[in-house]
Amino acid sequence: PRSTRRTPKKWLSVAIRCGITMLLLLFLFKSLSWATLVAALLHSHRTLLLIGLTVGAFGLVISSYQWHVLMRGERISLDLAELINLYMVGVAFSHFLPTGMGGDAVKALYAGRETNSKEGAASAVLMSRLTGLIGMLVVAVVVLIAYHQMFPSTIVDGFILLSLLVSGMIVGALFFVSLLPKFSRASWAKRRIFTTLMKVGGALQASMRKPRFLSIATAYGMLFWI
């Protein structure tokens with residue numbers, strides 16, 4: 001009896017998802033300039049286009065390996081092929097949601113559902129962003145040192161200031177999350193959003209104490225940007 005009751009809800013959920021998917025695809029197709037797209041494809045250098053697609057696919061696999069390492073650090077077991085699939089889902093959502101972080105939220109949500117570890121999955125996604133940023137900064141610093149004569153001082157100064165700003169924001173966010181448990185007895189802290197933040201913050205703090213996984217993930221981040 002329970003299965004028969006759930007069947008209509010399941011079909012309704014599938015119908016809603018299909019409807020939303022069709023609306024998004026319709027929006028995508030209408031927003032494209034097909035004449036411009038066809039002209040660009042006809043005049044494109046096919047060899048370079050193939051190289052670009054290959055490099056893009058390689059970068060996706062590298063990022064999935066990075067995510068896989070951090071998931072292992074959270075003691076979450078999820079197959080690499082499944083992570084690649086979820087990564088592609090996140091990329092697709094990033095094209096429709098207002099911010100680039102929207103795809104990360106979807107990845108964390110789906111991975112949390114698959115593994116019943118929402119906090120650990122969210123922590124792994126956030127740490128993949130953080131280690132990727134560190135890897136990018138390392139590569140950028142090496143390039144600036146090796147080829148400093150090619151860059152005007154305004155670019156170098158801007159890069160340094162932006163790096164300090166982003167690093168300060170990350171440190172501030174981690175510091176804020178670490179302070180949340182101290183307010184656990186407050187009435188406002190018992191709301192679901194704050195309890196979830198505290199759990200994710202605890203998972204983040206735990207992952208920060210695992211330098212081996214973080215260093216491997218940072219190396220994958222460097223390889224991605226190279």
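**Exercise 1. Determine how many helices and strands the protein has, and in what order the elements run.**

Solution. The model is a predicted one. Assigning the secondary structure gives nine helices and zero strands. Read from the N terminus, the order of elements is α-α-α-α-α-α-α-α-α. As for burial, the protein has 226 residues, and 26% of them count as buried.

**Exercise 2. Find the salt bridges of the structure and work out how they are connected.**

Solution. Step one is the search, which returns two salt bridges for the whole structure.

Step two takes the pair K107 and D104, whose closest N and O atoms are 3.5 Å apart. Helix α5 holds both residues, and their spacing of three residues is about one turn of the helix. K107 and D104 are both buried.

Step three takes the pair R129 and D104, with 2.4 Å between the closest N and O atoms. This pair links distant parts of the chain, since R129 belongs to helix α6 and D104 to helix α5, 25 residues apart.

Step four compares the accessibility with the cut-offs. Buried means under 20% relative accessible area; D104 has 9%, so D104 is buried. R129 has a relative accessible area of 41% and is therefore partly exposed, as this class lies between the 20% limit and the 50% limit for exposed residues.

Step five joins the results: D104, K107 and R129 form one network through salt bridges that share partners.

**Exercise 3. Describe the nonpolar patch on the surface and state which element gives the most to it.**

Solution. The patch consists of M22, L25, L28, F29, L32, W34, L37, L41, L49 and L53, and together these residues have about 910 Å² of accessible area. The elements that give two or more residues are α1 (2-31), α2 (34-42) and α3 (46-73). The largest share is that of α1, with four residues. L32 sits in the loop between α1 and α2. Its relative accessible area is 35%, so L32 is classed as partly exposed.

**Exercise 4. Classify the crossing of α3 and α6 by angle and by hand.**

Solution. First, take the axes: those of α3 and helix α6 (residues 118-146) come within 9 Å and cross at roughly 130°. Next, apply the angle classes. Roughly perpendicular covers 65 to 115 degrees, and roughly antiparallel begins over 145. The value for α3 and α6 falls in neither class, so the two helices are oblique to each other. Last, the hand: the crossing in which α3 passes α6 is right-handed.

**Exercise 5. Locate R75 and N116, whose phi is positive although neither is a glycine, and decide whether each is buried or exposed.**

Solution. Begin with R75, where phi is about 60°. R75 lies in the loop between α3 and α4 (80-94). With a relative accessible area of 79%, R75 is exposed.

For N116, phi is about 55°. The loop between α5 (102-115) and α6 contains N116. Its relative accessibility of 72% places N116 among the exposed residues, because the cut-off for this class is over 50%.

**Exercise 6. Place G132 in the fold and find how far apart G132 and L223 are in sequence and in space.**

Solution. G132 belongs to helix α6. At 11% relative accessibility, G132 counts as buried. Along the sequence, G132 and L223 are 91 residues apart, while their C-alpha atoms are 9.6 Å apart in space.

Terms used:
Residues numbered from 1 in each chain as written. Predicted model: local features only at pLDDT ≥ 70, side-chain atom pairs only at ≥ 80, totals over all residues. Heavy atoms only, no water. Patch = residues over 30% accessible without salt bridge, like charges linked within 9 Å, V, L, I, M, F, W, Y side chains within 5 Å. Areas by Shrake-Rupley, 256 points an atom, 1.4 Å probe, with all protein chains shown as cover. Salt bridge = Lys/Arg side-chain N within 4 Å of Asp/Glu carboxyl O. Buried < 20%, exposed > 50% of the residue type's maximum accessible area, 1.4 Å probe, protein only. Axes fitted to C-alpha atoms, helices over the stretch in contact; angles between N-to-C directions. Parallel < 35°, antiparallel > 145°, perpendicular 65-115°, else oblique. Left-handed = near helix turned anticlockwise from the far one by under 90°.
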